[in-house]
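Student: I have a structure to go through and would like to ask about it piece by piece. Can we start once it is on the screen?

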Amino acid sequence: MVSQRLTRMASQIVTRFAPSPTGYLHIGGGRTALFYWLYARGRGGKFLLRIEDTDRERSTPKATAAILRGLTWLGLDWDGEPVSQFARKDRHAEVAHQMLARGTAYKCFSSQEDIAAFRAEAEARGSYAVFQSPWRDAVSASYPDLPYVIRMRAPRNGETVIEDRVQGTVRFRNDQLDDMICLRSDGTPTYMLAVVVDDHDMGVTHVIRGDDHLNNAARHKMIYDAMDWPLPVWAHIPLIHGPDGKKLSKRHGALGVEEYQAMGYPAAGMRNYLTRLGWAHLDEEIFSTGQALRMFDLDGIGRAPARLDFKKLENTCGHQMAMADDAALLHELQAFMAVTGRSALSATQSDLLLEAMYCLKDRAKTFPELLDKAHFALTSRPIVADTGAQVALDTVSRGILQSLTLQLQNAQWTKTDLEPILNAAAAEAGIGFGKLAQPLRAALAGRTATPSVYDMMLVIGRDETVARLRDASQ
RNA sequence: GGCCCGUUCGUCUAUCGGUUAGGACACCAGGUUUUCAACCUGGGAAGAGGGGUUCAACUCCCCUACGGGCUGCCA
């Protein structure tokens, strides 16, 4: 009974996303969070959030809020309240002192000047040796009354081996790793210590993060070992690069997840694209979030950095829009309009848009495109014709429209009923259907690029159609 | 400098020793169409280079080149 429960507890997957609140949610961070979320949620595990705010200079509540907003937009929900790493600093210090008591750490009284001098001297000799503290083996009787840091007593021989789910077995020679500082002289923890203590205390079983941390994993392992704590599963994923293959930076444009929202990419499209960026399951390209949850696995993560490709992002978003539920899409559109400072839709407009969604969603890749296609439904009389539409509404066309209007007045408003009427009107005028559709479009939407004329007529209804045609044919 | 990671069409990738190296995006050419978009058909397009191991290597090993990361009392 007990062992059964233990087994179940042990198999419960716990992941955490641990951003530093120093800015918006970076696109790369968004993908990492997505991987965590997919992995945990796809296996009935937990997805926790920890805000790594130990750097008091750079951490802001505003950044934390922005990160939470970004995650929420991406549709990634987390369990419980976000944990503040800074709030746990006493616990970190406690562990550092436990390491001291266990002899796996020691007090180091070397000042930063001493260390700088050590490095300068090594460099002068042409070597790049890691810092070796003279206090590593000192007896406490010799301790001066000076501020000290607590350093890890790292093994100097042999190697530290990391088993990584993405990178495989990675070996580090211990003489390449220094006695890292765990507790600073002001008593605050370093990142190395804080991460390990928090992950352990939070019961984190799987750590997925950028491969810029791969080297750190060796240091983390030393702390786990020093405390006799069980190791988590590590998966170090390659960073996302810009379209030019260089590390993503400001000159690449959009870095923040919220910028993608503002550009009008649907969240489902972002999820699909980001999941597929650097991860693959055979030839699967377009999939729902539910399918992603079922398919996602650490084994499918690639080892080379992936480049951002906006064309593919757009294509993926187009598919996701077409797949989306009409009402849900309308809601997301409204959220998009709100964050980009557009005025809200009236009740009439949103009703109309909901009805029009079926003919809009598979023609748009982004919300601005959707809005553009929806112009005919959102605008109201008098319809303002753009230049192209004005050209289409020449005298002859207006005449044709005029007689068409008469026939539409009492027509049944279904496509089956409308089709013969429009076809007859074209035939009567001795023109092809295309020549009729063009002025019709102009009259109905004031534009020459619109959804199908039937769809527009069906959506706005008979009265509005007749009224718009009357306006235009006068 | 040292250590670590990476390298398949332009891009994302499949392949887990034996394939005409597949798919998607993008691109090009046709087609369809009621404009835009979409859609359909076809096309070009790849294993960084060099050594091994093996009957057989994109796949395993080594070297080189290139790219990236770490080398902080930042995270």
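Student: Of the atoms of RNA strand B within 4 Å of the protein, what percentage belong to sugar or phosphate?

Tutor: The share is 64%, and the rest of those atoms belong to bases. Keep in mind that this is a predicted model.

Student: Which residues come nearest to RNA strand B?

Tutor: There are 59 residues around the strand, and the nearest are Ser 20, Arg 184, Gly 278, Thr 450 and Tyr 454.

Student: What does Gly 278 have close to a phosphate oxygen of the strand?

Tutor: A backbone N or O atom of Gly 278 does this, at 2.7 Å from a phosphate oxygen of RNA strand B.

Student: And the bases? Which side chain has an N or O atom 2.8 Å from a base nitrogen?

Tutor: That side chain belongs to Arg 363. Lys 373 also has a polar side-chain atom by a base, in this case 3.1 Å from a base oxygen of RNA strand B.

Student: Which elements give two or more residues to the surface near RNA strand B?

Tutor: Among them are α5 (112-124), β7 (168-173), α6 (191-201), α7 (214-227) and α20 (453-460). Another one of them is α19 (433-445), and α19 gives the most, with five residues.

Student: How does that surface divide into nonpolar, polar and charged?

Tutor: The surface near RNA strand B has 20 nonpolar, 18 polar and 21 charged residues.

Student: Changing topic: pockets. What volume does the largest pocket have?

Tutor: About 1100 Å³. The lining of the largest pocket consists of 37 residues, and Pro 19, Ser 20, Gly 29, Asp 212 and His 213 lie nearest its centre.

Student: Ser 20 again. Which element supplies the largest share of that lining?

Tutor: Helix α2 does, with five residues. The elements that each supply at least two residues are β1 (14-17), α2 (27-41), α6 and β9 (206-210). By class, the lining of the largest pocket has 16 nonpolar, 13 polar and eight charged residues.

Student: What about the second largest pocket, how many residues line it?

Tutor: It has 19 lining residues, and those nearest its centre are Gln 112, Ile 115, Val 149, Arg 151 and Ile 181. The volume of the second largest pocket is about 410 Å³. Helix α5 gives the most to this lining, with three residues. The classes here are nine nonpolar, four polar and six charged.

Student: Now closed spaces. How many cavities of 30 Å³ or more does the structure hold?

Tutor: Two. The largest cavity holds about 50 Å³ of space, and the second largest cavity has a volume of about 40 Å³.

Student: Which residues line the largest cavity?

Tutor: They include Leu 34, Leu 38, Ala 268, Arg 271, Phe 287 and Gln 320. The elements that give two or more residues to this lining are α2, α9 (267-276) and α10 (289-295). Four residues, the largest share, come from α9. The lining of the largest cavity has five nonpolar, five polar and one charged residues.

Student: And how does the lining of the second largest cavity divide by class?

Tutor: Seven of its residues are nonpolar, none is polar and one is charged. Its lining includes Ile 27, Tyr 260, Met 270, Asp 309 and Phe 310. Helices α9 and α11 each give two or more residues to the lining of the second largest cavity.

Student: Let me pick a single residue. Is Thr 465 buried or exposed?

Tutor: Thr 465 counts as buried because its relative accessibility is 0%. Thr 465 sits in helix α21 (residues 462-473).

Student: Which residues is Thr 465 in contact with, leaving aside neighbours within four places in sequence?

Tutor: Leu 408, Trp 413, Leu 444, Met 457 and Ile 460. In addition, a polar atom of the Thr 465 side chain lies 2.6 Å from the backbone oxygen of Gly 461.

Student: One more residue. Where is Gly 318?

Tutor: Gly 318 is in helix α11. Gly 318 is buried, with a relative accessible area of 13%. Beyond its neighbours within four places in sequence, Gly 318 is in contact with Lys 361, Ala 364 and Lys 365.

Student: How many Å separate the C-alpha atoms of Gly 318 and Pro 134?

Tutor: They are separated by 63 Å, and the two residues are 184 residues apart along the chain.

How values were computed: Residues are numbered from 1 along each chain as its sequence is written. Chains are lettered from A and ligands numbered from 1 in the order in which they are written. This is a predicted model: local features need pLDDT of at least 70, side-chain atom pairs count only at pLDDT 80 or more; totals for chains, interfaces and linings use all residues. Side-chain values use heavy atoms; hydrogens and water are left out. A residue is near a molecule or strand if one of its heavy atoms lies within 4 Å of it. A polar contact is a pair of N or O atoms within 3.5 Å; within protein, one must be able to donate a hydrogen and the other to accept it, and residues adjacent in sequence count only if both atoms are side-chain atoms. Ala, Val, Leu, Ile, Met, Phe, Trp, Tyr, Cys and Pro count as nonpolar, Asp, Glu, Lys and Arg as charged, and the others, Gly among them, as polar. Buried means under 20% relative accessible area, exposed over 50%, partly exposed in between (1.4 Å probe, protein chains only). Contact means heavy atoms within 4.5 Å. On a 1 Å grid over the protein atoms alone, a cavity is a set of points where a 1.4 Å probe fits but cannot get out, and a pocket is an open set with protein on both sides within 12 Å along at least five of seven lines; lining residues have an atom within 4 Å of a point. Grid points are joined across faces, edges and corners, and a volume is the space filled by probe spheres set on the points.
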